[in-house]
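Student: I'd like to learn how to read strands, helices and empty space in a model. Can we go through one together?

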Amino acid sequence: MPEISIAIPTYEMKGAGASYLSDLFETIKQQDFSDFEVCISDHSKDDDVLDVCGQYANYFTIQYYKNEEKRGNGPANTNSAVEMCSGRITKLMFQDDLFIRKESLSIIKKTFDETHCNWCFNSFVHTRDGVEYFRPMIPKWTKEMLEGRNLLGSPSCVSFLTEKFEKFDEKLVLLMDTDFYHRMRYNHGMPSIIEEYLTSNREHDNRISSSTVKYNARVEHPDGPWLVNAEELNYVVEKHLETRQYPDEEI
């Protein structure tokens, strides 16, 4: 059993998915920590992702699954990728994102070993071309997490003990991450925060969330507003009426 599993849900991404995955694999190949596996759940209709996996099979262990169920449902495919993982720790990565340090996996493992946390977030930057980075961010918990005010980052910034995984809600797209973060904290406590920048989120227009669900509501806040999908927001708030307060907040 490996120490770390890297769970990567994949799909075509309008033809760019395999190329993005290849970029990610290059950064995985450079890691100084070797006790890991890569778990791919692939929603692609073609074999481009499978071909990329074949190109890197000699560098690290890759578990590949052609997932033909619920195509187009990102949360379902993410759940499928995590369910493949056998490592003690699961590191989520979306195929269009990148590791930016060769020590990323080593630092994640060290965090779990030293803090005894159930889950953690790493700091991150943004990129458009995979070369130049901008807008560095250190993850921060907000009281408005359920309302979609996400300062923690995307799922590519999160790692967790595999046995503690809470499945992503398959009814959500834009709020799949904040709903997941809320349930993880409710059931497993506050996450540890790694202040070192370990990953990069790629900005582009090829994601499912960029085309299937639209931002159609604005939430006002003294620190600045943010956009949400009203239907998703109403669903999430109603869903957690009885679990808004975290056990670690109780007096």
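Student: How many bridges join S2 and S3, and do the two strands pair in the parallel or antiparallel sense?

Tutor: Keep in mind that this is a predicted model. S2 and S3 are parallel partners, paired over 6 bridges. To find the register, look for cysteine 39, which sits opposite glutamine 63 in S3.

Student: What links those two strands, and which hand does the unit have?

Tutor: For the hand, follow the path from strand to helix to strand. Here S2, H2 and S3 form a β-α-β unit, and it is right-handed.

Student: What about S1 and S2: how many bridges join them?

Tutor: There are 7 bridges between S1 and S2, and these strands run parallel. Isoleucine 4 faces phenylalanine 36 of S2 across that pairing. With H1, the two strands make another β-α-β unit, right-handed as well.

Student: How much of S2 is buried?

Tutor: Check each face of a strand separately. In S2, 7 of 7 residues are buried. One side carries Phe36, Val38, Ile40 and Asp42, the other Glu37, Cys39 and Ser41, and both faces are covered.

Student: Why does isoleucine 6 count as buried?

Tutor: Buried means under 20% relative accessible area. Isoleucine 6 qualifies because its relative accessibility is 0%. This residue lies in S1, residues 4–10. Leaving out residues up to four places away in sequence, its contacts include Phe36, Glu37, Val38 and Cys39, along with Ile28 and Met93. As for sequence distance, serine 86 is 80 residues away along the chain, yet the C-alpha atoms of isoleucine 6 and serine 86 are 9.9 Å apart.

Student: Now H1: how does its span compare with what is expected?

Tutor: Compare the end-to-end distance with the rise per residue. H1 covers residues 17–29, 13 in number, and spans 18 Å between its first and last C-alpha, close to the 18 Å expected. Its buried residues include Leu21, Leu24, Phe25 and Ile28. Among the elements covering the buried residues of H1 are S1, S2, H2 and strand S9 (192–202).

Student: And the empty space: how many cavities of 30 Å³ or more are there?

Tutor: The general idea is that rolling a probe the size of a water molecule over the atoms shows where empty space is left. This structure holds 1 cavity of 30 Å³ or more. The largest cavity has a volume of about 40 Å³.

Student: Which residues line the largest cavity?

Tutor: The lining includes Tyr11, Glu12, Gly17, Ala18, Asp48 and Val49. H1 and H2 each contribute at least two lining residues.

Terms used: Residues are numbered from 1 along each chain as its sequence is written. This is a predicted model: local features need pLDDT of at least 70, side-chain atom pairs count only at pLDDT 80 or more; totals for chains, interfaces and linings use all residues. Side-chain values use heavy atoms; hydrogens and water are left out. Helices (H or I, at least four residues) and strands (E, at least two) are DSSP runs, numbered from the N terminus. Buried means under 20% relative accessible area, exposed over 50%, partly exposed in between (1.4 Å probe, protein chains only). Contact means heavy atoms within 4.5 Å. The expected span of a helix is 1.5 Å times one less than its number of residues. Two strands pair if DSSP finds at least two bridges between them. A crossover is right-handed if, with the strands pointing away from the viewer, the path from the first strand over the helix to the second runs clockwise. On a 1 Å grid over the protein atoms alone, a cavity is a set of points where a 1.4 Å probe fits but cannot get out, and a pocket is an open set with protein on both sides within 12 Å along at least five of seven lines; lining residues have an atom within 4 Å of a point. Grid points are joined across faces, edges and corners, and a volume is the space filled by probe spheres set on the points.
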